[in-house]
Amino acid sequence: MTAPVNGAAEANGFSLRRKPVSPSEFSRRSVAVIFAALVASTLAGLIVANTAITIFIGVIAGDYGWSHAEIGAAVTALFIGVGVGAPLFGPVVDRVGARRVVLPLAITSGLLLSSLSLIGPSLPLFYAVHFLLGMATPGAVAYSKLISTWFFRRRGIALTALGAGSLLGSVIVPPLARLLLERFGWRSAYLGFGMGELFIAFPVLLLFFRERPVSRTDEGTISNEVHPDGAPPIGILNAVRSKSYWLVLGTQITGMFVYFGFGTHAIGIMSERGIDAATATFGVSVVALGGVLAQMATGLLLDRFDTPRVIVPFAASSALGLGFLFSSRGTVPVIASVFLYGVGIGGQISMTSYFITRYFGVRNFSKIYGSLMPVLLLFSAPAPIVIGALFDASRSYISALAVLEACLLVSIVLFALLKAYPYPVPPARRASASKTSVCPSEAEPDKSVFSQPARDDGCVHQQ
């Protein structure tokens, strides 16, 4: 087992010690896995439904006479579904593999997203479809687990590439949703997005989203994890008893509350500051673009420095951006403010899966991550309702922005309290001691289309 970090400064998480990287983790097959997860997360029903409702909220309200708060509650139902589905599917992913779970759920998600085009003025049905859509989205539970088995030393950049896919969807969806809305209506737009998940995302997953071949170490241990962390199998109960578990949860609750609350009402918040709807739609994409850039930056920093506190500057950036938005008026100040906010929030909310693997290992990742989601979403998913209610009460977003700003300040403090990882990346010279012989032929093949492992010609020895 790798020794924990020594020294008072490192024990408190202050170390900026560089950690060695191994280019051998990037192979044709491992990059293909990232590509598949990136495409699927960009077109995922969860991302589309959460982002498109920002564009459609005014039209839906006009068609059906629903208030903004009532429509915003659909986003809450969406993420409550995620909170219910994550702990249900998490143990299944750990037991049967991510591929077997992801492929059927991708089909289900595409069908549910398409069904929003058929819904009439029934608010309960509108909520029910969003709830089921959230349940049917495997998201970080399955994608992050499989990617983490392919990467260790470059896990930060690998997982943030996945997170960038979600934010990339937030860049692409608003202008596309606006275009489809103006030309075909919001119902046809939902149908088009659903077809995109069924006929683009699913085939890519089918072809490229593969489990890492089972490996046999020199000690005879069978695993499909690359560069094992040195952490013993950590169960949910032991994880829940640790301070790190609750600090990570706290950082994500505060960050996601802001992300959901601001994201659902972004058009209204920016329009209140003197810009038209088309420019506000562009602003939504700017927020997401800033998040994509932040995702890549945080991945590089996490791989380069073995400390969770590299996220603190990003949390501060989101607080500054939202703070500037209070007094911003006109196109340039508003767009600049939301870009700064996007850079911060993109780096801030994307690290849950990475922190779970670094604090608790990969073996029971899906169970532990799944246990976080219900609590995380219980407290963060109601944000659209809260922000909508604050607006409905005062006909202004000033009080709502104050609540969001307070959440971001709390998040900064929680990130600063995170301690060093208990199982740091060992020096490169130690890696040779854990040589792994990757021989897919040693594993019993599975012929199912939903679980077929990637083929390999002969044995590849990795260090």
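Author: A quick definition to start: helices are DSSP runs of H or I with at least four residues, strands are DSSP runs of E with at least two, and both are numbered from the N terminus. This is a predicted model, in which local features need pLDDT of at least 70 and side-chain atom pairs count only at pLDDT 80 or more, while totals for chains, interfaces and linings use all residues. Residues are numbered from 1 along each chain as its sequence is written, and side-chain values use heavy atoms, with hydrogens and water left out.

Reader: OK, so how many helices and strands does the protein chain have?

Author: Those DSSP runs give the secondary structure of the protein chain. The tally is 20 helices and four strands.

Reader: And what percentage of the residues is buried?

Author: Buried means under 20% relative accessible area, exposed over 50%, and partly exposed in between (1.4 Å probe, protein chains only). The protein chain has 463 residues, and the buried share of them is 59%.

Reader: Among contacts between residues at least 6 apart in sequence, what share joins residues at least 24 apart?

Author: A contact means heavy atoms within 4.5 Å. Counting such contacts in the protein chain between residues at least 6 apart, the share that joins residues at least 24 apart is 85%.

Reader: What about the outside: which residues make the nonpolar surface patch?

Author: The chain exposes about 17700 Å², with 68% of it from carbon and sulfur atoms (Shrake-Rupley method, 1.4 Å probe; for residues, only the protein chains shown count as cover). Patch members have over 30% relative accessible area and no salt bridge; like charges are joined within 9 Å, and nonpolar side chains (Val, Leu, Ile, Met, Phe, Trp, Tyr) within 5 Å. L179, in helix 8 (residues 155–184), counts as partly exposed because its relative accessibility is 36%. The patch covers about 280 Å², and its members are L168, I172, L176 and L179.

Reader: How many residues of helix 11 are buried?

Author: Helix 11 runs over residues 243–264 and reaches 32 Å from its first C-alpha to its last, close to the 32 Å expected (1.5 Å times one less than its number of residues). It is mostly covered: of its 22 residues, the number buried is 19.

Reader: Which residues does S366 touch?

Author: S366 sits in helix 17 (residues 365–380) and is buried, since its relative accessible area is 0%. Leaving out residues up to four places away in sequence, its partners are G90, V93, D94, V141 and K145.

Reader: Now charges: which side chain meets E272 in a salt bridge?

Author: A salt bridge is a side-chain nitrogen of Lys or Arg within 4 Å of a carboxyl oxygen of Asp or Glu. The whole structure has two. E272 is partly exposed at 29% relative accessibility, and its partner, at 1%, is buried. They meet at 2.7 Å, N to O, and that partner is R273.

Reader: Which residue has a positive phi near 60 degrees?

Author: Most residues other than glycine have a negative phi. This one is in the loop between helix 18 (383–394) and helix 19 (398–417), and it is exposed, with a relative accessible area of 57%. Its side chain meets that of D392 in a salt bridge of 3.5 Å, N to O. The residue is R395.

Reader: What is the angle between the planes of Y64 and W186?

Author: Rings of Phe, Tyr and Trp (its six-membered ring) pair if their centres lie within 6.5 Å; planes under 30 degrees apart count as stacked, over 60 as edge-to-face and the rest as tilted. A search of the whole structure finds 18 aromatic pairs. Y64 and W186 form one that is edge-to-face, 5.9 Å centre to centre, with the planes at 90 degrees.

Reader: How many residues apart in sequence are the parts that this pair ties together?

Author: Y64 is buried at 16% relative accessible area, and W186 is buried at 3%. Y64 lies in helix 3 (residues 45–64) and W186 in helix 9 (residues 186–208), so the parts tied together are apart in sequence by 122 residues.

Reader: Last one: which residues form the aromatic cluster?

Author: Another pair, F391 and Y397, is stacked because the ring centres are 4.4 Å apart and the planes are at 20 degrees; both residues are buried. The cluster is made of Y245, W246, Y354, F355, Y359, F360 and Y421.
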